[in-house]
Amino acid sequence: MTFIKNLFGSVSPQYLIRAYLISLAIAVIWFFANQAALEQNSQKILWYGYILVSALLFPFAKLVWDEVRDLIIGNNGITYFGLWAIGVNFMFKAIVNVLLWALAIFIAPLGILYLWWKQSKAV
């Protein structure tokens, strides 16, 4: 239990709230978009489990993306050239977040390991 407490304590509450709100929005859209395709109860149970696990693990997958992005870009600012660039940036962020949510089961363990490693070095 202390591992989970330390895991969530090592990430800022604002980051977690924002990530879980994004995750909730994606989960609701994903749920309703694929509801009609499910026919059997066993498919529904697996699908609901996948949605729940992805929604819970999304902040840790997003953490991996944010760390890699910060490693590559650093503190460099991006200059926008009009409204079209803001729209393209928004679409890129939306696509990245949906991909991170869908692949959270595979990416989030890296984020959890990173937080564990970072926390063990701090002690």
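At 40% relative accessibility, Ala25 counts as partly exposed. This residue is found in helix 2 of a predicted model. Ala25 and Ala55 lie 30 residues apart in sequence, while their C-alpha atoms are 9.4 Å apart in space. A second residue can be described in a similar way: Trp65 has its place in helix 3 and is partly exposed, with a relative accessible area of 29%. From Trp65 to Leu100 there are 35 residues in sequence and 8.1 Å in space, C-alpha to C-alpha.

The two pairs are set out below.

| Pair | Separation in sequence | C-alpha to C-alpha |
|---|---|---|
| Ala25 and Ala55 | 30 residues | 9.4 Å |
| Trp65 and Leu100 | 35 residues | 8.1 Å |

Leaving aside neighbours within four places in sequence, Trp65 is in contact with Phe92, Val96 and Leu100. Two of these partners, Val96 and Leu100, are listed among the buried residues of helix 4.

**Overall arrangement**

The protein contains five helices and zero strands, and its pattern along the sequence reads α-α-α-α-α. Of its 123 residues, 26% are buried. Among contacts between residues at least 6 apart in sequence, 85% join residues at least 24 apart.

**The nonpolar core**

The largest nonpolar core has 22 residues, and those with the most contacts inside it are Phe58, Trp101 and Leu115. The elements that give two or more residues to this core are helix 2 (13-33), helix 3 (41-73), helix 4 (83-102) and helix 5 (104-122). Helix 3 gives the most, with seven residues. Leu115, one of the residues with the most contacts inside the core, touches Leu7, Ser10, Val11, Phe60 and Leu63, when residues up to four places away in sequence are not counted.

**Helix 4 and its contact with helix 2**

Helix 4 has 20 residues and reaches 29 Å from its first C-alpha to its last, which is close to the 28 Å expected at 1.5 Å a residue. Its buried residues are Ala85, Val96, Asn97, Leu100, Trp101 and Ala102.

Two packed helices are described by the angle between their axes and the distance between the axes. The axes of helix 2 and helix 4 come within 10 Å and cross at roughly 80 degrees. Angles of 65 to 115 degrees count as roughly perpendicular, and helix 2 and helix 4 are therefore roughly perpendicular to each other. On the side of helix 2, the contact is made by Ile22, Ser23, Ile26, Ala27 and Trp30. Helix 4 takes part through Asn97, Val98, Trp101 and Ala102. By type, the residues of this contact divide into seven nonpolar, two polar and no charged.

Trp101 thus belongs to several parts of this description: it is buried in helix 4, it is among the residues with the most contacts inside the largest nonpolar core, and it takes part in the contact of helix 4 with helix 2.

How values were computed
Residues are numbered from 1 along each chain as its sequence is written. This is a predicted model: local features need pLDDT of at least 70, side-chain atom pairs count only at pLDDT 80 or more; totals for chains, interfaces and linings use all residues. Side-chain values use heavy atoms; hydrogens and water are left out. A nonpolar core is a set of buried Ala, Val, Leu, Ile, Met, Phe, Trp, Tyr and Cys residues joined through side-chain atoms within 4.5 Å. Buried means under 20% relative accessible area, exposed over 50%, partly exposed in between (1.4 Å probe, protein chains only). Helices (H or I, at least four residues) and strands (E, at least two) are DSSP runs, numbered from the N terminus. Contact means heavy atoms within 4.5 Å. Axes are lines fitted to C-alpha atoms, for helices over the stretch in contact, and angles run from 0 to 180 degrees between N-to-C directions. Angles under 35 degrees count as roughly parallel, over 145 as roughly antiparallel, 65 to 115 as roughly perpendicular and the rest as oblique. Ala, Val, Leu, Ile, Met, Phe, Trp, Tyr, Cys and Pro count as nonpolar, Asp, Glu, Lys and Arg as charged, and the others, Gly among them, as polar. The expected span of a helix is 1.5 Å times one less than its number of residues.
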